[in-house]
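Here's a quick tour of a protein model, written for someone who likes to know the cut-offs behind each number. Have a look at the structure first, then read on.

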Amino acid sequence: MTDGMKRSTIYWAYAMLLLGVCGHASSEFVAKLTGVVGPEVTVWRFMLGGLGLVTVSLIWPSSRNLLEPLRKDGAAIVALSILGMTAAQLLFHWALDYATVIQVATLVTTMPIIVVVVNRIVNKVPISTPKLVSGLGALAGVIFLITDGYLSQVLADASVIGMFLALSCGALGAIYIVLSKPFFVKYGAVRMTTYTFALGFFVLWPFVGLVWGIWVDPTTLFDRPLDNALAIITLGVWNTTIGFVLWLGGLALVPDTGRANYMFFLKPVIAAFLAVWILNEPITFAQGLAILAVTGCVAAEVFWDEIVGYRRRRSRA
């Protein structure tokens with residue numbers, strides 16, 4: 001593969017990541033529009049999303065054989081799927097029962113920082129200067145969003161529970177991303193994402209039923225207002241089937257997972273714009289600063305080599 005083809009592949013991978021982030025960023029709003037509590041909406045998401053991903057796998061030629069990876073690495077795949085992404089998604093939706101959409105969207109963006117730390121521990125990947133600079137800068141943007149009118153809520157009421165759940169979601173998601181990457185490379189993003197949601201449903205359905213007393217019945221999907229039913233379907237199709245394939249597929253294509261995960265810092269930025277569009281909430285000055293900090297740091301991280309090369313050429317001129 002030529003350098004031009006490699007560069008083209010990387011750009012396509014980042015485009016996939018950006019669309020995947022859009023799917024992630026809109027999921028909080030869509031989950032709220034479903035009108036059901038977090039644990040229940042998680043089951044709906046895994047039910048419909050798992051079905052959609054199985055369909056995608058059967059259509060995609062290289063992913064049709066869903067049994068072979070399970071025969072070879074079944075124990076590891078099942079463990080990572082259940083203890084990683086399934087548990088993370090349950091915590092994510094549960095957090096929305098306590099915290100605001102922007103709080104959850106913002107705190108989940110700690111995931112890329114945790115990915116770098118986990119990568120350092122598991123794979124001995126050093127934390128380079130661009131990762132450190134962009135990570136700290138983007139974190140500053142996250143802090144702008146958290147403290148912009150929400151700090152008193154975090155300290156004073158039940159939203160602290162949501163904050164803890166959101167941070168736990170980010171931690172589990174980061175561990176899953178690092179540990180599962182070899183399987184994504186070996187078996188492909190479509191199959192691995194399919195296992196996560198298809199297998200996760202069979203654990204979530206009885207778990208939520210036993211713990212919360214909510215036994216989700218798929219025949220009742222349209223026994224609710226149409227907008228709630230459509231939100232549930234959107235969560236399964238766009239936010240899960242399409243969004244996760246794009247996000248995790250992009251991660252599998254890029255050479256540096258830690259660097260690519262900083263794209264996730266765009267999540268609170270997109271969430272802020274959605275807050276204006278859907279919730280009619282104005283963007284405050286602090287949120288504007290956060291947007292500049294986050295987008296600037298992500299751009300610097302992605303194009304770090306180009307920026308350094310340009311500065312070196314300028315200094316020699």
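## Helix α5 and what follows

Right after α5 comes K124, whose phi is positive, near 60°. Helices here are DSSP runs of H or I with at least four residues, strands are E runs of at least two, and both are numbered from the N terminus. This is a predicted model, where local features need pLDDT of at least 70 and side-chain atom pairs count only at pLDDT 80 or more, while totals for chains, interfaces and linings use all residues. Residues are numbered from 1 along each chain as its sequence is written, and side-chain values use heavy atoms, with hydrogens and water left out.

Helix α5 itself covers residues 111–123, and its 13 residues reach 17 Å from first C-alpha to last, close to the expected 18 Å at 1.5 Å a residue. That expected span is 1.5 Å times one less than the number of residues. Its buried residues are M111, P112, V115, V116, V118 and N119. Buried means under 20% relative accessible area, exposed means over 50%, and partly exposed is in between (1.4 Å probe, protein chains only).

## The overall picture

The protein has 14 helices and 0 strands. Of its 317 residues, 51% are buried. Take contacts (heavy atoms within 4.5 Å) with a separation of 6 or more: 86% of them link residues 24 or more positions apart.

How much should you trust it? The predictor's per-residue confidence, pLDDT, runs from 0 to 100. Its mean for the protein is 81, and 86% of residues reach 70 or more. Confidence bottoms out in helix α7 (residues 151–156) at a mean of 52 and peaks in helix α2 (residues 38–59) at 93. Where pLDDT is low, the predicted coordinates should not be read in detail.

## Cores

A nonpolar core is a set of buried Ala, Val, Leu, Ile, Met, Phe, Trp, Tyr and Cys residues joined through side-chain atoms within 4.5 Å. The largest one has 66 residues, and L17, V104, V108, W247 and L251 have the most contacts inside it. Helix α8 (residues 159–187) is the top contributor to this core, giving 11 residues. A second, separate core has 5 residues, V30, V36, V41 and L235 among them.

Beyond neighbours within four places in sequence, L17 is in contact with L246, W247, G250, L251, V254, A260 and M263.

## A few residues up close

F184 is found in helix α8. Skipping residues up to four places away in sequence, F184 touches Y176, A189, M192, T193, L248 and A252. The C-alpha atoms of F184 and G249 are separated by 8.1 Å, though the two are 65 residues apart along the chain.

T42 lies in helix α2. Its side chain makes a 3.2 Å polar contact with that of H93. A polar contact is a pair of N or O atoms within 3.5 Å; within protein, one must be able to donate a hydrogen and the other to accept it, and residues adjacent in sequence count only if both atoms are side-chain atoms. T42 also touches Q89, L90 and L204, among residues farther than four places away in sequence.

Here is how four residues score on burial:

| Residue | Relative accessibility | Class |
|---|---|---|
| T42 | 0% | buried |
| C169 | 4% | buried |
| F184 | 5% | buried |
| C22 | 26% | partly exposed |

As for disulfides (cysteine sulfur pairs within 2.5 Å), the structure holds 0.
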